[in-house]
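Work through the following exercises with the structure open beside you, and try each task before reading its solution.

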Amino acid sequence: MRRAAALALLALAGCGSSAKPSSPAVTGPAASCARPSPIAVGKQGPEITGRGRGAQLHGLIMVPHFPISAGRRSVKIVWRMTGSGPLKLAAYDAHGRKVPLAWIEPHGGSNYRRPGDEWGSGYRFPHPGCYRLTARRTVGSAEAWLRVRA
């Protein structure tokens with residue numbers, strides 16, 4: 001019975017089940033690629049809405065073609081996040097391995113209208129699958145779950 005319950009929990013956790021313990025746990029087992037973050041395609045492009053604790057997170061995905069494909073090209077995401085303090089971003093693949101951030105820079109402003117402060121960031125998704133993108137400030141944390149195709 002215990003084994004069946006443990007297997008059921010692993011199945012529900014989706015691709016995020018092996019996230020590194022040092023990464024911020026934001027929303028628990030309900031957030032994963034089994035329930036990826038919502039993405040709406042608007043006039044400015046695809047926008048992902050993260051799930052947060054004490055913060056809101058919105059990301060404008062700057063790609064010529066959507067959905068995102070794995071490969072060498074850097075994917076720019078403009079993040080807007082509420083809370084306070086410096087922003088720390090991280091990305092983890094489906095196996096919980098940290099994927100290095102290509103770059104991050106604060107923005108003074110833009111025409112991307114969402115609550116919070118703004119940063120630009122670059123990610124390289126080396127292979128297809130599920131990625132957990134985390135954002136942490138002194139006050140507030142959030143994450144977004146993103147699927148990347150082949």
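**Exercise 1. Find the residue whose side chain forms a salt bridge with R137, and describe where both partners lie.**

Solution. The structure is a predicted model, and in it the side chain of R137 meets that of D117 in a salt bridge, with 2.8 Å from N to O. To place the partners, note that R137 lies in the loop between β10 and β11 while D117 lies in strand β9, so the pair ties together parts that are 20 residues apart in sequence. The next step is to ask how far each partner is covered, and here a cut-off is needed: a residue counts as buried under 20% relative accessible area, as exposed over 50%, and as partly exposed in between. R137 has a relative accessibility of 8% and is therefore buried, whereas D117, at 38%, is partly exposed.

**Exercise 2. State how many salt bridges the model contains, and examine the pairs R114 with E47 and E118 with R80.**

Solution. The count of salt bridges comes to five. One of them joins the side chains of R114 and E47, at 2.7 Å from N to O. This pair links distant parts of the chain, since R114 sits in the loop between β8 and β9 and E47 in strand β2, 67 residues apart. With a relative accessibility of 36%, R114 is partly exposed, while E47, at 12%, is buried.

Turning to the other pair, the side chains of E118 and R80 meet in a salt bridge at 2.9 Å from N to O. Here, too, distant parts of the chain are linked, with E118 in strand β9 and R80 in strand β5, 38 residues apart. E118 is buried, with a relative accessible area of 5%, and R80 is also buried, with 11%.

**Exercise 3. Determine which strands pair with β5, and decide whether β5 is enclosed or open.**

Solution. Begin with the overall order of elements: the protein has one helix and eleven strands, and the helix comes at the N-terminal end of the series, followed by the strands. Strand β5 is joined to β4 by six bridges, and the two run antiparallel; within this pairing, G59 has W79 of β5 as its bridge partner. Strand β5 also pairs with β9 in the antiparallel sense, over seven bridges, and there the bridge partner of M81 is D117 in β9. As a last step, consider burial: six of the seven residues of β5 are buried, so the strand is largely enclosed by the rest of the structure.

**Exercise 4. Identify the residues with the most contacts inside the largest nonpolar core, and list the elements that build this core.**

Solution. The largest nonpolar core has 23 residues, and those with the most contacts inside it are W79, M81, Y123, F125, L133 and L146. The elements giving two or more residues to this core are β4, β5, β6, β9, β10 and β11. In soluble globular proteins, nonpolar side chains tend to be buried together. To see the surroundings of one core residue, take W79, whose contacts beyond four places in sequence include I48, L57, L89, W119, Y123, L133 and A144. For the protein as a whole, 41% of the 150 residues count as buried, and among contacts between residues at least 6 apart in sequence, 60% join residues at least 24 apart.

**Exercise 5. Locate the nonpolar surface patch that contains V41, and then inspect the peptide bond between F66 and P67.**

Solution. The patch is formed by I39, V41 and F66, which together have about 260 Å² of accessible area. V41 lies in strand β1, and its relative accessible area of 62% is why it counts as exposed. Moving on to F66, this residue is joined to P67 by a cis peptide bond, with omega about 10°. Most peptide bonds are trans. P67 lies in the loop between β4 and β5.

**Exercise 6. Describe the position and the neighbours of G129.**

Solution. G129 is found in strand β10, and its relative accessibility of 29% makes it partly exposed. Leaving aside residues up to four places away in sequence, G129 touches L146, R147 and V148. Its C-alpha atom is separated by 6.5 Å from that of A94, although the two residues are 35 apart along the chain.

Key: Residues are numbered from 1 along each chain as its sequence is written. This is a predicted model: local features need pLDDT of at least 70, side-chain atom pairs count only at pLDDT 80 or more; totals for chains, interfaces and linings use all residues. Side-chain values use heavy atoms; hydrogens and water are left out. Patches are made of residues with over 30% relative accessible area and no salt bridge: like charges are joined within 9 Å, nonpolar side chains (Val, Leu, Ile, Met, Phe, Trp, Tyr) within 5 Å. Accessible areas come from the Shrake-Rupley method with a 1.4 Å probe; for residues, only the protein chains shown count as cover. A salt bridge is a side-chain nitrogen of Lys or Arg within 4 Å of a carboxyl oxygen of Asp or Glu. Helices (H or I, at least four residues) and strands (E, at least two) are DSSP runs, numbered from the N terminus. Buried means under 20% relative accessible area, exposed over 50%, partly exposed in between (1.4 Å probe, protein chains only). Contact means heavy atoms within 4.5 Å. A nonpolar core is a set of buried Ala, Val, Leu, Ile, Met, Phe, Trp, Tyr and Cys residues joined through side-chain atoms within 4.5 Å. Two strands pair if DSSP finds at least two bridges between them.
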